[in-house]
Amino acid sequence: MRMSSIVEHAAEDLWVFGYGSLMWRPGFPFLERIEALLIGAHRALCVYSFVHRGTPERPGLVLGLDLGGACRGIAYRVGAAERVRTIGYLRAREQVTMVYRECTRRVWIRGDPRRQVPALCYTVDRSHPQYAGRLTLEQQLHHVRQGHGQSGANRDYVVATVSALEALGYRESQLHRLAERLKGRREIPAAIASG
């Protein structure tokens, strides 16, 4: 679903909300990077990745903004001159299989609870075949361990996202447990792992 061309061609700066890899690898120029809070959706490993971190035969698992709760992340302010180029870049990156819905949501800027900005974000489409829903830790481990796609190993995506959250002082129990299990598995010496 494409947003109105009014959004693409507006004369003002664009705000983008990042909650996964956009926190640590935005890939577009920005004027400002600020911690922010989105209310009404939460970060969840709920999307089967068929391109960036997996394949249709061996799907990985990536984050989506799913219904309910709140999500801490990063709000990027992009200059008006980079608005169209940034939206095009994000669509090419996030909408490869159309599993996300592009929308504008209000986010609260850290340090000023009265300051809200409308931010472009990508929420998961629950009706899409790649929507994984709520998986157990063991199911998540299976998909993340097997996942490898155009953007690299799924394990690296999860570990980098957790590191970005920690750098902001956040801890999300389930995601952190998954990262700890992934790190533990990787640290097994090859001689022991092969038997």
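A residue is called buried when its relative accessible area is under 20%, and exposed when that value is over 50%, with partly exposed in between. In this predicted model, the buried residues of helix α5 are Asn-154, Arg-155, Tyr-157, Val-158, Val-159, Thr-161, Val-162, Ala-164 and Leu-165. Helix α5 covers residues 154-167, and its 14 residues should span 20 Å at 1.5 Å a residue, which agrees with the 20 Å that separates its end C-alpha atoms. Just after α5, Gly-169 adopts a positive phi of about 85°.

Helix α3 can be described in a similar way. It runs over residues 83-94, and its 12 residues reach 16 Å from the first C-alpha to the last, close to the 16 Å expected at 1.5 Å a residue. Its buried residues are Arg-83, Thr-86, Ile-87, Leu-90, Arg-91, Arg-93 and Glu-94. Seen down the axis of α3, these buried residues fall within an arc of 165°, so they line one face of the helix. On the other side of α3, Arg-85 and Ala-92 are exposed.

Turning to the strands, β2 (residues 32-49) runs antiparallel to β3 (residues 60-78), and 16 bridges join the two; in this pairing, Ile-39 stands opposite Ala-70 in β3. Strand β2 is also joined by 3 bridges to β4 (residues 100-109), again in an antiparallel arrangement, with Ala-36 standing opposite Ile-109 in β4.

The aromatic rings form 6 pairs, and one aromatic cluster is made up of Phe-28, Phe-30, Tyr-76 and Tyr-89.

Across the whole structure there are 13 salt bridges, including those in the table.

| Salt bridge | Closest N to O distance |
|---|---|
| Asp-13 and Arg-77 | 2.5 Å |
| Glu-102 and Arg-91 | 2.8 Å |
| Asp-156 and Arg-155 | 3.5 Å |

The salt bridge between Asp-13 and Arg-77 links distant parts of the chain, since Asp-13 lies in the loop between α1 (5-8) and β1 (14-18) while Arg-77 belongs to strand β3, 64 residues apart. Asp-13 counts as partly exposed at 28% relative accessibility, and Arg-77 is likewise partly exposed, at 22%. Glu-102 and Arg-91, by contrast, are buried; Glu-102 lies in strand β4 and Arg-91 in helix α3, so their pair ties together parts that are 11 residues apart in sequence. In the pair of Asp-156 and Arg-155, Asp-156 is partly exposed at 36% relative accessibility, whereas Arg-155 counts as buried at 18%. Finally, salt bridges that share partners join Asp-13, Glu-32 and Arg-77 into one network.

Terms used: Residues numbered from 1 in each chain as written. Predicted model: local features only at pLDDT ≥ 70, side-chain atom pairs only at ≥ 80, totals over all residues. Heavy atoms only, no water. Helix = DSSP H or I, 4+ residues; strand = E, 2+ residues; numbered from the N terminus. Expected span 1.5 Å × (residues − 1). Buried < 20%, exposed > 50% of the residue type's maximum accessible area, 1.4 Å probe, protein only. Arc of directions from axis to C-beta. Pairing = 2+ DSSP bridges. Phe/Tyr/Trp six-rings, centres within 6.5 Å; stacked < 30°, edge-to-face > 60°. Salt bridge = Lys/Arg side-chain N within 4 Å of Asp/Glu carboxyl O.
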